[in-house]
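Open the model in your viewer and keep the selection panel at hand. The tour starts at the ligand and works outward.

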Amino acid sequence: MNPASNLVLIGPMGAGKSSLGRLLAPRFGLVLRDLDRMIEERCGVAIPTIFELEGEAGFRQRERGVLEEVCAGAGQLIATGGGAVLDPANRERLRRCGFVVWLKVGIELQLRRLGRDRSRPLLQVAEREQRLRQLAAEREPLYAETCDLVFEPGPVAARSAAAALARELERHWQRHPPAPAAVSA
Ligand code: S3P
C-alpha cells in the first residue's frame, strides 16, 4: 500500500499509458496530465521536432521539468513517456508523488501497436524489434524498482483493460486523501 493522491502510469511505448489514462482519470475523479502532450503544447511542436532540434538530451531536460512541476500537484493521473524513468530523480519523484502502475506489455504486442508509428523518434530505425528489446532490457529493471503495482493489460481493447485495472486499483491503491464518496461509488 502506498497512500498517494496521484496515480502514475509508467511503461514502454505502446503499453497504452495515454489511452488507459484517458479512460481511468474520470473514473477516479482525477485530472489527466499526459506529460508528452504537455511538453508538445509548451514547445508548440511535436516530439520528433524537439528531438531533431535539441536531441534526446534536450527532450529529457524538458521532460524532467514538466514532471517536477506536475509531481508537485495532487489529484492527477500522470501518464508518463516510456523513458521518464531513466532519470533517477524522476523515479524518486514519481514514487513519492503517486501510486505507480507499470503497464507491462510484451514486445510482440508493442510491435503490433507501433507498426506504422512515425511519432516516436527512438523507433525510426530499420530493426524496430531489436530496438524495443534493447529498450526493454535497459528499462524493465527501472520500471520494476519504481512501481507499486505491475499490471499486464494484454491484447484486449482499452476499455476492457481499463476496467480490469480499475478493479486492481480498488484493491491496492490506498488513496490519500480518500476520494469523495460520489466519485468512488
Ligand atoms: C519515449 C517514449 C515516448 C516519448 C518519446 C520518448 C521513450 O512516449 O516520450 O518519444 O523514451 O520511450 P510514449 O511512451 O508515450 O510513447
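How do the residues of the shell around the ligand divide into nonpolar, polar and charged? The split is five nonpolar, three polar and five charged. Keep in mind that this is a predicted model.

**Stop 1: the shell.** Select the residues around the ligand; there are 13 of them. Now highlight Lys17, Asp36, Arg60, Arg120 and Arg139, which come nearest. Next, colour helix α3, residues 47-71. Helix α3 gives the shell three residues, the largest share.

**Stop 2: polar contacts.** Show Arg120 with its side chain. One of its polar side-chain atoms lies 2.7 Å from an oxygen atom of the ligand. Then switch to the backbone. At Gly82, a backbone N or O atom is 2.8 Å from a ligand oxygen atom. Move on to Gly83, where a polar backbone atom lies 3.4 Å from an oxygen atom of the ligand. Turn on the ligand surface here. On its own, the ligand has 390 Å² of accessible area, and the protein covers 95% of that.

**Stop 3: the pocket.** Hide the ligand and look at the space it takes: this is the largest pocket. How much space lies in the largest pocket? About 540 Å³. Select its lining, which counts 35 residues. Closest to the pocket centre are Met13, Gly14, Lys17, Asp36 and Arg120. Lys17, Asp36 and Arg120 are also among the residues that come nearest to the ligand.

**Stop 4: the lining by class and helix.** Colour the lining by residue class. You get 15 nonpolar, nine polar and eleven charged residues. Now switch to cartoon view. Which helix supplies the largest share of the lining? Select α3: six lining residues come from it. Then step through the other helices. α1 (17-27), α2 (35-43), α5 (107-114) and α7 (158-172) each supply at least two lining residues, as does α3.

**Last view.** Bring the ligand back and show α3 with it. This helix has the largest share of the ligand shell and the largest share of the pocket lining.

Terms used
Residues are numbered from 1 along each chain as its sequence is written. This is a predicted model: local features need pLDDT of at least 70, side-chain atom pairs count only at pLDDT 80 or more; totals for chains, interfaces and linings use all residues. Side-chain values use heavy atoms; hydrogens and water are left out. A residue is near a molecule or strand if one of its heavy atoms lies within 4 Å of it. A polar contact is a pair of N or O atoms within 3.5 Å; within protein, one must be able to donate a hydrogen and the other to accept it, and residues adjacent in sequence count only if both atoms are side-chain atoms. Accessible areas come from the Shrake-Rupley method with a 1.4 Å probe; for residues, only the protein chains shown count as cover. On a 1 Å grid over the protein atoms alone, a cavity is a set of points where a 1.4 Å probe fits but cannot get out, and a pocket is an open set with protein on both sides within 12 Å along at least five of seven lines; lining residues have an atom within 4 Å of a point. A molecule sits in a cavity or pocket if more than half of its atoms lie within 2 Å of its grid points. Helices (H or I, at least four residues) and strands (E, at least two) are DSSP runs, numbered from the N terminus. Ala, Val, Leu, Ile, Met, Phe, Trp, Tyr, Cys and Pro count as nonpolar, Asp, Glu, Lys and Arg as charged, and the others, Gly among them, as polar. Grid points are joined across faces, edges and corners, and a volume is the space filled by probe spheres set on the points.
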